[in-house]
Amino acid sequence: MDLKGRWETSLAPTYATPGLVMDRGQGCHLYDAAGKRYLDFIAGIAVCSTGHSHPDVVRAIQKQAERLIHVSNLYATENVLRCAERLAAVTGYEKVFFCNSGAEANELALKTVRRHAHAKGKPEAVVIALEQSFHGRTTATVRLTGQPKYQKDFGPLPEGIVHVPANDVVALEMAFARQPVAGVFLEFVQGEGGVRALKPEFVQAVQRLCAANDALLVADEVQTGVGRTGRFLASMHFGVRPDITTLAKGIASGVPMGAVLFTSRSAALLAPGDHGCTFGGNPLATAAALATLDVLQRQRLVENADVTGAYLRDQVKTRVPGVKEVRGLGLLVGVELEAPIAKAVKTDAEQAGLLLNAIGDHVLRLAPPLVVTGHEVDEAVSILEKVVSRRGPSDPSRNL
Ligand SMILES: Cc1ncc(COP(=O)(O)O)c(C=O)c1O
């Protein structure tokens, strides 16, 4: 049976059937089962921060697998302690909870915000999230997500969550005026929402209103965290420190891990027994995360995301035709095309050896590994330039 047949026979129908079978990876390159090489500018959707199979990460995983893979949180390990200490040191947060994914991290953040509402005697207080946001696919996080298409026919979903348009200070003020608010969730750059950064004045308004109303500010940095935007946390671009920050994706170079960062004050809302995660912080995942943090530091990858990200945006702007806007921060880049040809461009680029991702009909998302070089950017932009030119940037009928 061919790939399509095997996939559709055995896998639950939640994903579009992939067109390629990937076999191995190295640095910024993936190789398919036939040995064809691809320049990977999506990196497992902003996950493979140190590149594919970085030797230090591989060695750390191998060594740890031989020693101890799992014990649960009934016992401590040196790895989980060191990983929490390192994350706290690099972010300025005080406490860390480990889990396996972004949605799980956001679930705990949401539970903590609910607990805060109870603690202040206002259990009815709402949580504010932003339109076009994306926070995950569990029932609570899909409700938090400000895109109704992800919620369709999955109700009834948890209540007490309202959405306001991103960057609309007046709507935010009105939401605070209308009802008690327990907390606000935001992504500093909305990734799935089209790679759109929040305006600094909006972030300041969120911070001001949260402080004035004793509401918790929660940053979902699942996509933007761990150096992706050219700062370790995207909040560092905005000069704010949210009460809670969630991480996942790039934190362990592709080994599943999520983390919730708390201040002492927000962590004090939780007590033993309030939450748990069997696999969370296990020795294998924390070994991969520790190696990832080492590589990030030694190879100065956060700085590279800043500098090479700026170069990537500049090159796309100057060389690729039919581009309406280039957005994003660091190596999380959105390219809005004038014509609705994003999906066709993605397919053509794939054939030409460049992997990227289309968000809707107009936007391409580029999120290469943080080890990407200027030379690799040149190569990727050359492919993109050719592919978009060939498609005819202003011919919408060709979005096949
Ligand atoms: C901002 C953001 N939050 C949460 C999630 C969900 O993460 P996961 O798929 O690991 O559950 C994603 C995934 O794309 C994301 O981009």
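1. A helix here is a DSSP run of H or I covering at least four residues, a strand is a run of E covering at least two, and both are numbered from the N terminus. With that in hand, Asn167 can be placed in the loop between β6 and α7 (169-178). Please keep in mind that this is a predicted model.

2. Let's stay with Asn167 for a moment. Its phi is positive, about 70°, although the residue is not a glycine. Most residues other than glycine have a negative phi, and most peptide bonds are trans. Is Asn167 buried, exposed or partly exposed? There are 17 other C-beta atoms within 10 Å of Asn167, so this residue is partly exposed.

3. The loop between α6 and β6 also deserves a look, and Asp153 has its place there. Asp153 is not a glycine either, yet has a positive phi of about 65°. Asp153 counts as exposed because 4 other C-beta atoms lie within 10 Å, and the limit for that class is 12 or fewer.

4. Pro156 lies in the loop between α6 (139-144) and β6 (161-164). The peptide bond that joins Gly155 to Pro156 is cis, with omega at about 0°. You may like to have this bond on screen while you look at Asp153, which is found in the loop between α6 and β6.

5. Now to the sheet. Four strands make up an open sheet with mixed pairing, and their order is β1-β2-β3-β15. Since β1 (22-26) and β15 (354-355) each have a single partner strand, they stand at the edges, and one side of each has no neighbour in the sheet. β1 runs antiparallel to β2 (residues 29-32), and four bridges join the two. Within this pair, Gln26 is opposite His29 of β2.

6. Next, the ligand. Which residues come closest to it? Of the 14 that surround the ligand, the closest are Ser101, Gly102, Ala103, Val222 and Gln223. Helix α5 (residues 102-119) supplies the largest share of this shell, with three residues. By character, the shell holds seven polar, four nonpolar and three charged residues.

7. Finally, the interior. In soluble globular proteins, nonpolar side chains tend to be buried together. The largest nonpolar core in this model has 121 residues, and Ala259 and Ala288 touch the most other members. Helix α11 (residues 283-298) is the top contributor to this core, giving ten residues. Leaving aside residues up to four places away in sequence, Ala259 touches Leu87, Val96, Phe97, Phe98, Ala105, Leu247 and Ile251.

Note on methods:
Residues are numbered from 1 along each chain as its sequence is written. This is a predicted model: local features need pLDDT of at least 70, side-chain atom pairs count only at pLDDT 80 or more; totals for chains, interfaces and linings use all residues. Two strands pair if DSSP finds at least two bridges between them. A residue is near a molecule or strand if its C-beta atom, placed from the backbone, lies within 6 Å of it. Ala, Val, Leu, Ile, Met, Phe, Trp, Tyr, Cys and Pro count as nonpolar, Asp, Glu, Lys and Arg as charged, and the others, Gly among them, as polar. A nonpolar core is a set of buried Ala, Val, Leu, Ile, Met, Phe, Trp, Tyr and Cys residues joined through C-beta atoms within 7 Å. A residue is buried if 20 or more other C-beta atoms lie within 10 Å of its own, exposed if 12 or fewer, and partly exposed in between; C-beta atoms are placed from the backbone. Two residues are in contact if their C-beta atoms, placed from the backbone, lie within 7 Å.
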